[in-house]
Amino acid sequence: MTRRAPLPGAAELFRTTAARPARIEEVPPGPARTGSGRRKHDAKITVYLSDDELLALEQARLALRAEHGIAVDRGRVVREAVAVVLADLDRRGADSVLVQRLGEESAG
């Protein structure tokens, strides 16, 4: 009996999905909002993702490595994404992608 959690196979990682997450318009993080990069972090949160969201995150990580030569872990991708979204919120306020998407979600 093995104590390891089962991992997805290549077919599951590289399968196409019917629903793709909407693309966020590229907003470079400003000086006050940058991802923290690779270092020891003092705080931790738990985020629950759907299977499709986790798969999309892993595919993005693999694309960064394969197509752009950037080897990062999923946490680094998430920290950079958070920095970009928060910089957009700081810069654009009510017109930010975050306000627009969350406003649509709560209205619908």
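Does Leu62 count as buried, exposed or partly exposed, and which relative accessibility puts it there? What follows starts from that residue, and the model we are looking at is a predicted one.Why does Leu62 count as partly exposed? Its relative accessibility is 21%, and since buried means under 20% and exposed over 50%, Leu62 falls in between. Keep in mind as we go that this is a predicted model.

Leu62 has its place in helix H2, so let us look at that helix next. H2 runs through residues 51-68, and at 1.5 Å a residue its 18 residues should span 26 Å. The C-alpha atoms at its two ends lie 25 Å apart, which agrees with that expectation. Four residues of H2 are buried: Leu55, Leu57, Glu58 and Arg61. Because these residues cover an arc of only 160° around the axis, they sit on the same side of H2. If you turn to the face of the helix that points away from this buried side, you will find the exposed residues Ala66, Glu67 and His68.

Now follow the chain past the end of the helix. Gly69, just after H2, takes a positive phi of about 70°. A little further on is Val72, which is 10 residues from Leu62 in sequence. In space, the C-alpha atoms of Leu62 and Val72 are 8.8 Å apart.

Helix H3 can be read in the same way as H2. With 19 residues at 1.5 Å each, H3 should span 27 Å, and its end C-alpha atoms are indeed 27 Å apart, so expectation and model agree. The buried residues here are Val77, Ala83, Ala87 and Asp88. They cover an arc of only 130° around the axis, which means that they lie on the same side of H3. What do these buried residues of H3 pack against? Their partners are H2 and H4.

That brings us to the packing of H3 with H4. Two packed helices are described by the angle between their axes and the distance between the axes. Helix H3 (residues 74-92) and helix H4 (residues 97-107) pack at an angle of about 95°, and their axes are 7 Å apart. This angle makes H3 roughly perpendicular to H4, because angles of 65 to 115 degrees count as such. On the H3 side, the contact is made by Val85, Asp88, Leu89 and Arg92, while H4 brings Val97, Leu98 and Val99. By character, the residues of this contact divide into 5 nonpolar and 2 charged, with no polar ones. Asp88 is worth a second look, since it appears among the buried residues of H3 and also takes part in the contact with H4.

Note on methods: Residues numbered from 1 in each chain as written. Predicted model: local features only at pLDDT ≥ 70, side-chain atom pairs only at ≥ 80, totals over all residues. Heavy atoms only, no water. Expected span 1.5 Å × (residues − 1). Buried < 20%, exposed > 50% of the residue type's maximum accessible area, 1.4 Å probe, protein only. Arc of directions from axis to C-beta. Axes fitted to C-alpha atoms, helices over the stretch in contact; angles between N-to-C directions. Parallel < 35°, antiparallel > 145°, perpendicular 65-115°, else oblique. Contact = heavy atoms within 4.5 Å. Nonpolar A, V, L, I, M, F, W, Y, C, P; charged D, E, K, R; others polar.
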